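Student: Could we go through this structure together, with the reasons behind each label?
Tutor: Gladly; here it is.

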2 protein chains.
Amino acid sequence: MINDFIYDIPVRVYFGRDQLKHLGSELRKYGTRVLMTYGGGSIKRMGLYDRVVEAIKEAGLELFELSGIEPNPRIDSVRRGAQLCKDHQIDVLLAVGGGSTIDATKFMAAGACVDHDPWDFLDLKKWAPIERALPIVSILTLAATGSEMDCAAVISNPETQDKIGRLAPALLPKASFLDPTNTFTVSAYQTACGAADMMSHIIEVYFNMNEDLYMLDCFMEGLMKTIIRFAPIAMREPDNYEARANLMWASSWAINGFVNGGRQKAWSCHPMEHELSAIYDITHGLGLAILTPRWMDYCLDETTVSKYVQMGTNVFSIDPTLAPMDIAHEAIGRLSDFFFNTLQLKRTFPEVGIDETHFALMARKAVGGGTLPGFKPLQQQDVEQIFKMCME
Amino acid sequence: MINDFIYDIPVRVYFGRDQLKHLGSELRKYGTRVLMTYGGGSIKRMGLYDRVVEAIKEAGLELFELSGIEPNPRIDSVRRGAQLCKDHQIDVLLAVGGGSTIDATKFMAAGACVDHDPWDFLDLKKWAPIERALPIVSILTLAATGSEMDCAAVISNPETQDKIGRLAPALLPKASFLDPTNTFTVSAYQTACGAADMMSHIIEVYFNMNEDLYMLDCFMEGLMKTIIRFAPIAMREPDNYEARANLMWASSWAINGFVNGGRQKAWSCHPMEHELSAIYDITHGLGLAILTPRWMDYCLDETTVSKYVQMGTNVFSIDPTLAPMDIAHEAIGRLSDFFFNTLQLKRTFPEVGIDETHFALMARKAVGGGTLPGFKPLQQQDVEQIFKMCME
């Protein structure tokens with residue numbers, strides 16, 4: 001049975017090379033005092049910082065800045081940003097960067113509207129309501145998380161070793177600027193991690209035995225084919241516009257909610273990976289690449305094999321006349337080949353410095369002390385088993 | 001080169017069986033005085049009329065009605081509706097029906113905001129600006145035109161034998177209710193015409209030699225496969241929810257603008273068909289089904305064959321090792337087979353009562369007295385030739 005759903009993605013996207021000319025008028029809709037947020041110095045090295053500042057000045061807007069947002073962004077950055085918004089009566093936040101910068105900016109925008117500590121939004125025991133947020137505009141520099149077109153954000157708290165995500169409609173950006181040339185300087189390694197993250201976003205939804213809309217399965221297969229085709233090109237030719245453009249637009253559509261239809265949305269690999277990177281601070285996409293094929297292998301049985309066959313035949317063009325279990329294993333093999341050979345990502349936990357020390361803790365946190373209700377419901381011991389499969 | 005584009009589709013869609021519970025709160029956002037517009041009595045026979053009226057009354061809203069909107073909606077209906085809005089200070093229009101009802105309602109909503117005749121919006125010599133419109137909500141009962149999620153509308157003027165379409169952001173519905181069960185009573189013939197219309201919307205964009213995003217081509221191929229798979233099921237089993245749901249959501253996405261990316265948007269078969277149905281009042285989708293394979297045949301040459309090969313291999317799974325021209329002809333043949341055998345639509349002009357009398361006039365109007373700048377630029381004599389190909 002296909003469940004009911006509400007589709008509502010009112011983000012305006014300016015896609016292409018020559019769109020910053022619209023930045024001033026877009027920001028002006030929300031006021032005159034702009035807080036620009038970013039990470040390290042990469043946007044300065046690539047010249048984007050200067051172009052953005054110039055557009056803001058030309059529009060007669062007042063500019064404030066917050067830099068130093070880290071990968072796997074931390075609650076302390078969010079606290080700083082929320083306080084800046086309050087101190088300077090900020091009207092609109094402009095996040096310039098990848099998913100980390102945009103995610104942190106979302107919670108700054110929400111934190112600016114409340115009196116309590118922003119971590120209260122993410123503390124599972126408090127889960128403070130997110131009723132509103134200052135308007136957010138983003139300029140994307142990394143195709144991966146989809147934060148530019150969704151209402152989700154993930155924040156880390158090193159003190160508590162937590163990495164927690166949350167969705168709230170108020171966090172949706174009003175507009176995002178997607179210029180593929182802003183990703184030309186992304187390294188081959190980061191391009192690969194971004195591609196793995198995008199693949200995971202699709203696989204988390206695609207692997208679901210609930211009946212849903214065939215047209216959305218077709219779309220997800222198209223997105224997977226797009227990533228598989230263009231990620232290696234972007235790694236080899238970092239300034240290939242067609243490759244960067246396809247990866248960039250695919251990254252948004254992999255996770256903006258459209259592909260879900262009426263599917264239940266419980267994910268599996270993301271909760272597991274969040275526990276890894278909360279402790280080890282490895283790149284999110286890399287953790288997902290290591291986990292995903294093992295998780296697929298662990299969940300494969302007679303009741304789930306049809307989904308693997310669908311992926312194998314439609315995405316990897318595996319001969320549909322083979323036995324279903326053979327197609328399924330071949331599909332997992334092709335995906336592993338994509339992650340570990342084509343994208344050249346590390347294949348095992350030991351290669352990225354993870355040992356068994358925290359498996360029990362991480363598994364318990366991933367299942368929230370109960371069951372992770374994804375494609376196949378997973379208990380703590382299932383997650384520990386999947387972690388063990390990543391050791392070799 | 002991939003052109004820049006702006007993506008902006010802020011329509012909220014309530015999809016599924018049990019969504020009318022949200023109708024009252026959705027309408028209330030815009031005010032209390034609702035003009036409900038519809039066509040003939042079909043929404044009464046299927047019980048939808050009563051359910052909508054009940055939801056409106058329960059929400060404490062004041063209901064006004066305009067019925068009798070015709071297929072290929074006429075400017076006189078638009079005039080009546082615009083006047084009603086003015087006379088009763090309507091706050092929001094609720095279109096309940098297919099594309100004809102929604103299209104007419106869009107121009108009522110715009111007409112309500114100006115002092116001049118609504119035809120001035122469509123008269124090519126006047127082309128009055130469409131700066132605003134009253135808010136529009138739709139409840140869709142026919143999967144075909146995509147009017148529920150786009151800002152376009154087509155209106156006929158029998159006095160001038162014109163049928164003219166226009167796009168304007170102000171015409172975009174605020175929200176649309178898509179309940180596949182509301183299409184269970186659509187006849188096999190109307191289901192077929194709707195499917196042909198949707199196929200044409202995709203083909204008009206897909207057949208374009210400008211380089212654009214591969215991921216959008218994949219999506220269009222998925223939409224075509226969806227229509228080809230589910231249209232015959234819906235014809236055989238009118239209350240098959242899965243088939244109706246896939247057709248309904250595909251109809252919206254075939255034409256809401258997403259598939260365009262940065263492609264130039266000039267269409268070919270629609271302008272030709274509009275001239276047919278302006279004079280002969282045949283069903284829009286039927287006219288498109290007859291024209292499309294002939295137009296594809298006419299435009300096929302060495303410079304365009306690659307697009308036909310792409311469609312043939314990816315949509316119809318034709319053996320990619322065959323010669324390109326053979327694949328192209330086979331693809332046209334498969335599409336004709338889908339239209340004229342699977343969907344059981346009439347194949348030629350004579351079968352639907354069209355003869356050569358008005359070919360020259362219709363062709364001249366279709367090219368606007370100059371060139372139709374679509375997939376292949378067409379002059380009047382090209383269009384006349386395509387019309388002639390439809391005679392047998």
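Student: What makes helix 5 of chain B a helix that lies across strand 3, strand 5 and strand 6 of chain B?
Tutor: Two residues are in contact if their C-beta atoms, placed from the backbone, lie within 7 Å. Helix 5 (residues 99-111) of chain B lies across strand 3, strand 5 and strand 6 of chain B, and runs at about 165 degrees to strand 5 of chain B. Axes here are lines fitted to C-alpha atoms, for helices over the stretch in contact, and angles run from 0 to 180 degrees between N-to-C directions. Helices (H or I, at least four residues) and strands (E, at least two) are DSSP runs, numbered from the N terminus. Keep in mind that this is a predicted model, in which local features need pLDDT of at least 70, side-chain atom pairs count only at pLDDT 80 or more, and totals for chains, interfaces and linings use all residues. Residues are numbered from 1 along each chain as its sequence is written, while chains are lettered from A and ligands numbered from 1 in the order in which they are written.

Student: Which strands does helix 4 of chain B lie across?
Tutor: Helix 4 (residues 75-87) of chain B lies across strand 3 (33-37) and strand 4 of chain B, at about 160 degrees to strand 4 of chain B.

Student: How do you know that strand 5 and strand 6 of chain B pair?
Tutor: Two strands pair if DSSP finds at least two bridges between them. Strand 5 (residues 92-97) and strand 6 (residues 136-140) of chain B run parallel and are joined by five bridges, so by the rule of at least two they pair. One bridge partnership is that of B:A95 with B:S138 in strand 6 of chain B.

Student: What is the strand order of the sheet that holds them?
Tutor: The order is 1(A)-2(B)-9(B)-6(B)-5(B)-3(B)-4(B), an open sheet of seven strands with mixed pairing. What makes strand 1 of chain A and strand 4 (62-66) of chain B edge strands is that each pairs on one side only. On average, neighbouring strands of this sheet are turned by 20 degrees against each other, direction ignored.

Student: How do you know that strand 1 of chain A pairs with strand 2 of chain B?
Tutor: Strand 1 (residues 5-7) of chain A and strand 2 of chain B share three bridges in the antiparallel sense. That meets the threshold of at least two, so the strands pair. Within this ladder, A:I6 stands opposite B:Y14.

Student: And what order do the strands take in the sheet that ends with strand 1 of chain B?
Tutor: That open sheet of seven strands reads 4(A)-3(A)-5(A)-6(A)-9(A)-2(A)-1(B), with mixed pairing. Its edge strands are strand 4 (62-66) of chain A and strand 1 (5-7) of chain B, each pairing on one side only.

Student: Why is the relation between the chains called a two-fold axis?
Tutor: Copies are superposed by least squares on the C-alpha atoms of residues with pLDDT of at least 70 in both. Chain B can be laid on chain A by a turn of 180 degrees and a shift of 0.0 Å along the axis, with an RMSD of 0.0 Å. That is why it is the relation of a two-fold axis. In chain B, the C-alpha of B:P10 is nearest the axis, at 2.1 Å. The same surface serves both copies, as 100% of the contact residues of chain B recur in chain A.

Student: Which parts of chain B touch chain A?
Tutor: The contact joins 33 residues of chain B to 33 residues of chain A. Strand 1, strand 2 (12-15), helix 7 (214-236) and helix 8 (241-253) of chain B each supply at least two residues, and helix 7 of chain B gives the most, with nine. This side of chain B has 18 nonpolar, seven polar and eight charged residues. Ala, Val, Leu, Ile, Met, Phe, Trp, Tyr, Cys and Pro count as nonpolar, Asp, Glu, Lys and Arg as charged, and the others, Gly among them, as polar.

Student: Why are helix 6 and helix 7 of chain A called roughly antiparallel?
Tutor: The axes of helix 6 (residues 188-206) and helix 7 (residues 214-236) of chain A come within 10 Å and cross at roughly 170 degrees. Angles under 35 degrees count as roughly parallel, over 145 as roughly antiparallel, 65 to 115 as roughly perpendicular and the rest as oblique. Therefore helix 6 of chain A is roughly antiparallel to helix 7 of chain A. Their contact divides into 15 nonpolar residues, one polar and one charged.
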